[in-house]
Amino acid sequence: MTGRARTRARGRARSREIQQQAAPGAAAVSRRGERKAQWLSLSHQEERKEDPGLQVKGRRGDMRREELELAAELRTVSLQQRTVFQDLVVNTRQRMEHVRVSKTGSEGQVVRLLANHFRVTSRPQWIAYKYNVNYQPDIESGNLRASLLSQYEEIGKCYIFDGNSLLLPYKLRKPKTVFSRETGKLTVTVTIEFSRELTPNAPDCLRFYNILFRRTLKSMDWKQVGRNYYNDTEAVKFGETQVKLEIWPGYATSILQYENSITLCADVNHKLIRIQTAYDLMNSITTENQEYIREKVADKLVGSIVMTRYNNKTYRVDGIAWERTPKDTFEKSDGQRITYIDYYLQQHKAVITDNDQPLLISQGKWKKGQKDTKREPILLVPQLCVLTGLTDEVRKNYMAMKALADHTRLNPEKRHHELKKFINTIQTNKTVQKELRYWDLNFDSNFLSFSGRTLTTVNVQRERRTKEPPQMVVCLLSDDEKDRYDKIKKYLCTACPTPSQCVVAKTLKRPKIFPVVCEKLAQQMVCKMGGALWKVDTGIKKAMFVGIDCFHDTVNRKKSIAGFVASTTDQLTKWYSQCVIQEAGEEIVNGLTDCLRAALEVWCQNESCVPRSVIVYRDGVGDGQLQALLDHEIPQMLACLKNIPSRENVALTFIVVKKRINTRFFAVSGRSLQNPNPGTVIDVELTRKEWYDFFIVSQSVREGTVTPTHYNVIYDTVCLRPNTVQRLTYQLCHMYYNWAGIIRVPAPCHYAHKLAYLVGQSIHEQPDSSLSTLLYYL
């Protein structure tokens, strides 16, 4: 019997076993229906959040058939649905001969580590069946789509539906089924058509494991806000001033395939809820001038995030409809019109007491990459919307922020304790275990244990060269009001290009730190005028280092800004910068050929030669973007390097930098846990076989648990060995002139971030090219 046949047999046996536990009436289903497993019926919202996305091309090579099928399927999925699962089919390591055998380094002192990952010790081994579901006419409402589908009795109650595709543990009697249902005055035709079988080892299965696990959290009556779940019964009240907060403890989870096993990653998360509604805030602003009230209300609310407590969904406030009230009507999905007052009373038993309050406008969830997506505005009732996040007043209150940090920034010992409590709850909760047993899904209760390495201390050399001062404008500001700052920076970066330094007056009024402040200001001004404070010997000669990062204005939905920064000397003491202004939501950068060509011209002026290699650190890309970088950004840079008049080809290395990760590492010291030392490298266990990747803990933090940075080398003709690229990356974390210490990412990355942020937040247009060789954006 072949492996595939054995898998089918085990699946049938397990399905029959589960069928015996099913509810009465299941026997009426066809014989094929009798083989069904207890797949969970999940809401379309949960499934959609995990749906793979971003168009990809099928990969060549020795990829498994299931990976190729998934890649082909993903080609038809829109940019709106991309997730981390998109990256799982992209094998970048197979093209690199120098790390095909091993990508593990050896330098440094070995250290024992734990990670907030729990191995999956068993998982489902039966076949599942995927169906495409189509609606005519098309239905936008996900709830209505799910409701219409549930009326088809043959699918039973054990299925997963994401709004577009249906997953079943058994085959339906017909490969294609068509039925019609009435909804209001509309007749909708639903077509269910077989797509493909899903084997237990298919990468797409990981998506369903994640959905299942989120289902278990929901079964414990935890509240879903965004992608994470929170336990509001353990909420902590915080704040004794006018603004009070609730801190909801929760967890961010994901189940993914790593080097040797599938693991559950779980990290502690917190949601800050203000005990104040948008309606309360509106009423707190009182004056006889109605125009002033509207201006102040808009200033406080527009751009903020509110949460509707009746369903725990979050929305960004994009405007205020002063002419609309809860007495107005809107059209429901069935075509009937109803007032907001009656709708919320009927649907959520929420009573609106002020029928004349204006409504809030939200354009819906804006996501990167959705530049052409049109969204109907959503109108919200202020009385039913609580505010989230911190106010400016709380942020400026040192004691309040310190007390808040005590609740949310957990040191390694506390974080370990909370995560241990979490996994124990999963292991002992009867409802959770009942659902997990249906799927043979079990988790190890111990933290993942392995070894890392701590690199030697980097030798930072002070730069002692003097420099004649060029022009510099110093602005002493009475406060940190943003509009004034933006106007100053825009004028001095475009109309009158001059490096500038803005200082808030109160910063200079603290005698104890006055000398330190002056020293920092002087250092920053030196850098902005073209000076260098220190340097690091990377050991790689004639290498240009490039940082790329993107800024997306998610508040005002304005242009996206890509920052490009490149070193223009062999000693990394001078830098060239340029920004690319693109349509809102664009993450993949066009125009890199021109940016790199201009940087190379400056390099040649400084060094009188062409660099041997260009090493790029690319930050600011989301999950599911690896193939897009290979298809669009790397070819732009290769095209530029190909046209360089040089005796030897200029080699290129392209490294993706990822900061927003939930993985945490704990160093074992006797019976206690602590943050790993700066320079700790992890290139085993939690890396992926298909990638040339590694983690580095570069920072030393005073409070909380340090967050590592994930690096993935997706293209490399420089042929950097593991020891070299790991040591080089850590060295570059010392080269950021605005901080006399080690930062979390290589300096080129952070310079690119600072440039993109300044242009996106304050300037909103291209800075003058005369500033391109200065670090004016620090």
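Nonpolar surface patches are taken here as groups of Val, Leu, Ile, Met, Phe, Trp or Tyr side chains joined within 5 Å, each residue having over 30% relative accessible area and no salt bridge (a side-chain nitrogen of Lys or Arg within 4 Å of a carboxyl oxygen of Asp or Glu). Accessible areas follow the Shrake-Rupley method with a 1.4 Å probe, and for residues only the protein chains shown count as cover. The model is predicted, so local features need pLDDT of at least 70 and side-chain atom pairs pLDDT 80 or more, while totals for chains, interfaces and linings use all residues. Residues are numbered from 1 along each chain as its sequence is written, and side-chain values use heavy atoms, without hydrogens and water.

One such patch consists of Leu476, Leu508 and Phe514, which together offer about 260 Å² of accessible area. Phe514 belongs to helix α15 (residues 514-528) and is partly exposed (between 20% and 50% relative accessible area), at 36%. Helices (H or I, at least four residues) and strands (E, at least two) are DSSP runs numbered from the N terminus.

Turning to the sheet, 12 strands make up an open, mixed arrangement in the order β29-β28-β27-β30-β31-β36-β35-β34-β22-β1-β32-β33; pairing requires at least two DSSP bridges. Its edges are β29 (575-582) and β33 (672-674), each paired on one side only. Strands β27 (residues 543-552) and β30 (residues 613-618) run parallel and are joined by six bridges, with Ala543 opposite Ser613 in β30. Helix α16 (residues 592-607) packs on the sheet, touching β27, β28 (560-567), β29 and β30 (contact means heavy atoms within 4.5 Å).

Technical notes
Patch = residues over 30% accessible without salt bridge, like charges linked within 9 Å, V, L, I, M, F, W, Y side chains within 5 Å. Buried < 20%, exposed > 50% of the residue type's maximum accessible area, 1.4 Å probe, protein only. Axes fitted to C-alpha atoms, helices over the stretch in contact; angles between N-to-C directions.
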